[in-house]
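Work through the exercises below with the coordinates open. Try each task before reading its solution.

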Amino acid sequence: MADSIFKRYLEKKNNLIKNRGILQATYVPDVLLHRDYQIEEIVDIVAPSLNKDKPSNIIIIGQTGTGKTAVVNYVGHELERADAENKNCRYIYVNCEVIDTPYSILYNISNQIITDPNKKIPFTGWSLEKIFNELANYIDDENKIFIVVLGEIDMSFKKNGDDIFYYLTTINEMLKNSRVSIIGITNNSTFAEKFLSPRIRSRLGEEKIVFPPYTPEQLIDILKNRAEQAFYPNVLDNSVIPHCAAISAQGSGDARKALDLLRISADIAERNGDSIVTSAHVDYARQKIELDAVVEVIKTLTDQSKIVLMSIIKTPSSNDTGSVTTGEVYTTYVELSKNLGYNPLSQRMVANLISEMDMLGIITARVKSFGRGGRTKEIDVNKVSNDVFSILSSDDIFRGMNLNQKLKKQTTLM
C-alpha cells in the first residue's frame, strides 16, 4: 500500500500549537474578557424568563469581531444552566448569514424545538403560513419562554425584507401558554430605523445594546488568555501578541482578525519547522490574509467588472494626484473590451460597476463636482494594489494578452 500523501504531516511532531480549536473565532471561552457590562445588560433583560415572564426584545449592535455572538451564546448557555431544574425557558440561535430565508429560518427554529423525528417539518414543500402555524402550536405546547436569537440579521433582510420579523413579532398574538422574545444581532447601528417598517418596529419595541470595538490593550488581554491555553510554553516571542493586537486595532478592534492572525502566524511557523513564532510570521500572515481576501473578491467579479478594473489600472493619470476619471477609464475600457472580443457597456453601467468595486474596497473612488458642468468620479490608481494586477493578469479572460503593451490611444500605467 502506498504511503499516504499526509504521511509527512502525520509524522511531524507538533511543537507549537497544543489546542488549535481555542484559536478559532467560534470557540467560546469560560470567561469573556472586557464584556462584563454588555453581559450584565443582557442578563438583566432576559432574567425574567427564568420566572416564565417574557423579556423585552433586544437589538445588539457592533462591528465584526466585537464579541456579540460569543456573548449572546454565553448568556444563552448560562440561562439554560440556571433553568435546568424548572425548564421555564428555551434559548434558540439561528445564523441568518447561512439560514437566510423566512422559510429556512422558521424551519430551523421549529426543528430545534420538535424532538419527535416523525413530526419534523420538511425542508421544502410547505407554505410559510403552514410552517408558521405549526411552529406556533409546538411553541404553545411547550408552555415556556422562548428566546430566539437571529445572528447577522442584515443578511436575511437584504434578500427577503422584514418578513421574518413580521412572523416572529406577531407569533405572541397566537399563543396562550408560551411567549417568544427576539434578540437580533447586527453590524448596522441604524438597522431597525432604516430597514424595518414602522409597524414591525412598533411590535418589536426593542432595547438596544452596543458593543464597542476592542482597544489594543483589551485585544492583548484576549490573545494572552487564548494563547495560554492554545500554545505550548515559551513558543511565542514577546512581540507577537502586541503586534497582532496593534494590526487588528488599526482596523476596527476586531478580535476575530487578531485571533486569525495569531493562529495563521503559528501555522506558518509550524510549516517552516520554526521553534518560535515571531513578528515576521505575523507580518507574513497578515499579507496572506489580505491577499486571500482580495483573491476571493476578484474571483466573484463578472467578466465586465474585471475588464473595468483592468481598465482602471491601464489608464494613465493626467494630473499630479495619480487619479483617473470615469471618462478616462471608459475610453480605455471600450478599447480593451473590443480587443478581448466583448461588447462594451454604456458609460453609465461602467460607472455603476466602479461604484460597486469602491464599496467592495478594491478601489478608492470619490465624487468630483464641476458645478453646472456636472460631476464625475476620480479613482486613486495609486491605491490599487499591485496584487490586484497580478491576480487579474492570471484570469482566463486576459490569458494570451500582452498586458504590458500600450493600447492604441493610451500609454500603459503598469
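## Exercise 1: a strand residue

Val 210 has a relative accessible area of 53%, so Val 210 is exposed. Keep in mind that the model is predicted.

**Task.** Place Val 210 in its strand and find what Val 210 touches beyond four places in sequence.

**Solution.**
1. Start with the element. Val 210 sits in strand 5, residues 207-211.
2. Check the exposure class. The cut-off for exposed is over 50%, and Val 210 has 53%.
3. List the contacts. Leaving out residues up to four places away in sequence, Val 210 touches Gln 38 and Ile 61.
4. Take one distance. From C-alpha to C-alpha, Val 210 and Lys 7 are 49 Å apart, with their positions 203 residues apart in sequence.

## Exercise 2: two asparagines

**Task.** Classify Asn 111 and Asn 177 as buried, partly exposed or exposed, then give their contacts.

**Solution.**
1. Locate Asn 111. It belongs to helix 4, residues 102-113.
2. Apply the cut-off. Buried means under 20%. Asn 111 has 17% relative accessibility, so it counts as buried.
3. Find its partners. With neighbours within four places in sequence set aside, Asn 111 contacts Lys 120 and Ile 121.
4. Locate Asn 177. It lies in the loop that runs between helix 7 (163-170) and strand 4 (179-186).
5. Read its accessibility. At 44% relative accessible area, Asn 177 is partly exposed.
6. Find its partners. Asn 177 touches Asp 140, Asn 143 and Lys 144, not counting residues up to four places away in sequence.
7. Add a distance. Asn 177 and Asp 141 are 36 residues apart along the chain, and 7.3 Å separates their C-alpha atoms.

## Exercise 3: cysteines

**Task.** How many disulfides does the model have, and are Cys 89 and Cys 244 buried or exposed?

**Solution.**
1. Set the rule. A disulfide needs two cysteine sulfur atoms within 2.5 Å.
2. Count. The result is zero disulfides.
3. Take Cys 89. Its relative accessible area is 6%, so Cys 89 is buried.
4. Take Cys 244. Its value is 0%, so Cys 244 is buried.

## Exercise 4: which side is buried?

**Task.** For helix 6 and helix 17, list the buried residues and say where they lie around the axis.

**Solution.**
1. Begin with helix 6, residues 153-160. Its buried residues are Ile 153, Asp 154, Ser 156 and Phe 157.
2. Check the arc. These residues cover only 160° around the axis, so they are on the same side of helix 6.
3. Turn to the other side of helix 6. Lys 158 and Lys 159 are exposed there.
4. Look for the cover. The buried residues of helix 6 are covered by elements including strand 1 (58-62), helix 4, strand 3 (145-151), helix 7, strand 4 and helix 8 (191-195).
5. Step past the end. Just after helix 6, Gly 161 has a positive phi of about 70°.
6. Move to helix 17, residues 386-393. Val 388, Phe 389, Ile 391 and Leu 392 are its buried residues.
7. Check the arc again. It spans only 165° around the axis, so these residues share the same side of helix 17.
8. Name the packing partners. The buried residues of helix 17 pack against helix 13 (279-300) and helix 14 (303-314).

## Exercise 5: empty space

A probe the size of a water molecule, rolled over the atoms, shows where empty space is left.

**Task.** What are the volumes of the largest pocket and the largest cavity, and which elements line them?

**Solution.**
1. Size the pocket. The largest pocket holds about 640 Å³ of space.
2. Find its centre. Among the 32 lining residues, Ala 25, Gly 67, Thr 69, Ala 70 and Arg 256 are the closest to the centre.
3. Assign the elements. Helix 3 (68-82), strand 2 (89-95), helix 10 (216-230) and helix 12 (255-272) each give at least two residues to the pocket lining. Helix 3 has the largest share, five residues.
4. Sort the pocket lining. There are 16 nonpolar, 10 polar and six charged residues.
5. Count cavities. One cavity reaches 30 Å³ or more. The largest cavity has a volume of about 50 Å³.
6. Assign its elements. Helix 2 (36-46) and helix 3 give two or more residues to the lining of the largest cavity. Helix 3 supplies the largest share, four residues.
7. List its lining. The residues are Ile 42, Val 46, Val 72, Val 75, Gly 76, Leu 79, Tyr 91, Ile 147 and Ile 183.
8. Sort the cavity lining. Eight residues are nonpolar, one is polar and none is charged.

How values were computed
Residues numbered from 1 in each chain as written. Predicted model: local features only at pLDDT ≥ 70, side-chain atom pairs only at ≥ 80, totals over all residues. Heavy atoms only, no water. 1 Å grid on protein atoms, 1.4 Å probe; cavity = no way out; pocket = protein on both sides within 12 Å on 5 of 7 lines; lining within 4 Å. Points joined across faces, edges and corners; volume = space filled by probe spheres on them. Nonpolar A, V, L, I, M, F, W, Y, C, P; charged D, E, K, R; others polar. Buried < 20%, exposed > 50% of the residue type's maximum accessible area, 1.4 Å probe, protein only. Contact = heavy atoms within 4.5 Å. Arc of directions from axis to C-beta.
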